[in-house]
Amino acid sequence: MFTKLIKSVVFKPVALLMMLAILFMSFTFPSETVILKSGTVIPLELMTSLSGNDVRNGQIIDFRVVGDIKVNGKTVVAAGSVAQGQVTKAKKNGLFGTAGELSITVKSVRAVDGSMIYLSNSNLNDEGSDKLVVSIVVTLFCLFGFLIKGGKAEIPAGTQCQAIVMSDVEVNVN
């Protein structure tokens, strides 16, 4: 039976096609390496609304890359990629009119090949309204003036900022 299959007219063309298929499936095209220079600007936007009352120091915050970042016509960071930031200061608004505070620093983003790109010079900050004077004045006339709270620190979703690439990064692109 096996010798009959080998002597068949169809065997040789099918065997040749299978060898070619295996050759092409195992062949990988070499990827091109480009260098993303330090100082390259990456436009970002905040993905969720944040409040100083709801986040804590050290919490990781997600940003979205607004547009493709290209080097030599090749995309190295795709639009929509998620960048990571970190809350560096979170303070709730409090009694006696003390204002809330919120600061976020963008840290990194991933390139199209999965390599990490570290970012700098991108901070988002907000400070609520300070009502300390109002609280003191009301306390002079009424004992419950100390219950007046200051304003919340809030940064809405969609707030845009620009991060800067810290150092040259090699990125493999196809």
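This text walks through a predicted model, from the whole chain down to single residues.

Start with the overall make-up. The protein chain has 3 helices and 13 strands. It holds 174 residues, and 30% of them are buried. Its accessible surface comes to about 11000 Å². Carbon and sulfur atoms account for 61% of that surface.

Next, look at how the chain meets itself. Take the contacts in the protein chain with a separation of 6 or more. Of these, 67% join residues 24 or more positions apart.

Now go inside. The largest nonpolar core has 32 residues. Five residues have the most contacts inside this core: Leu44, Phe63, Val76, Ile117 and Leu119. Strand E8 supplies the largest share of the core, with 4 residues.

Leu44 is a good place to pause. It lies in strand E2, which covers residues 41–46. Is Leu44 buried or exposed? Its relative accessibility is 0%, and the cut-off for buried is under 20%, so Leu44 counts as buried. Which residues touch Leu44, once its neighbours within four places in sequence are left aside? Phe63, Arg64, Val65 and Val66 are among them. Ala83, Val106 and Leu119 are also in contact with Leu44. So too are Thr159, Gln160, Cys161 and Ala163. Two of these partners, Phe63 and Leu119, appear with Leu44 in the list of core residues with the most contacts.

Cys161 deserves a second look. In sequence, Leu44 and Cys161 are 117 residues apart. In space, their C-alpha atoms are 5.4 Å apart.

Move on to strand E8, which runs over residues 101–110. Ser103 is found in this strand. Why does Ser103 count as buried? Its relative accessible area is 16%, and buried means under 20%, so Ser103 falls within the buried class. Its contacts, again without neighbours within four places in sequence, include Gln86, Val87, Thr88 and Lys89. Leu124 and Asn125 are in contact with Ser103 as well.

Finish on the outside. Where do nonpolar side chains gather on the surface? One patch is formed by Leu16, Leu17, Met19, Leu20, Leu23 and Phe24. Together these residues have about 650 Å² of accessible area. Leu16, one of the patch residues, sits in helix H2, and that helix covers residues 11–26.

To recap, the walk led from Leu44, buried in strand E2, through Ser103 in strand E8, to the nonpolar surface patch that includes Leu16.

Definitions and conventions. Residues are numbered from 1 along each chain as its sequence is written. This is a predicted model: local features need pLDDT of at least 70, side-chain atom pairs count only at pLDDT 80 or more; totals for chains, interfaces and linings use all residues. Side-chain values use heavy atoms; hydrogens and water are left out. Helices (H or I, at least four residues) and strands (E, at least two) are DSSP runs, numbered from the N terminus. Buried means under 20% relative accessible area, exposed over 50%, partly exposed in between (1.4 Å probe, protein chains only). Contact means heavy atoms within 4.5 Å. Accessible areas come from the Shrake-Rupley method with a 1.4 Å probe; for residues, only the protein chains shown count as cover. A nonpolar core is a set of buried Ala, Val, Leu, Ile, Met, Phe, Trp, Tyr and Cys residues joined through side-chain atoms within 4.5 Å. Patches are made of residues with over 30% relative accessible area and no salt bridge: like charges are joined within 9 Å, nonpolar side chains (Val, Leu, Ile, Met, Phe, Trp, Tyr) within 5 Å. A salt bridge is a side-chain nitrogen of Lys or Arg within 4 Å of a carboxyl oxygen of Asp or Glu.
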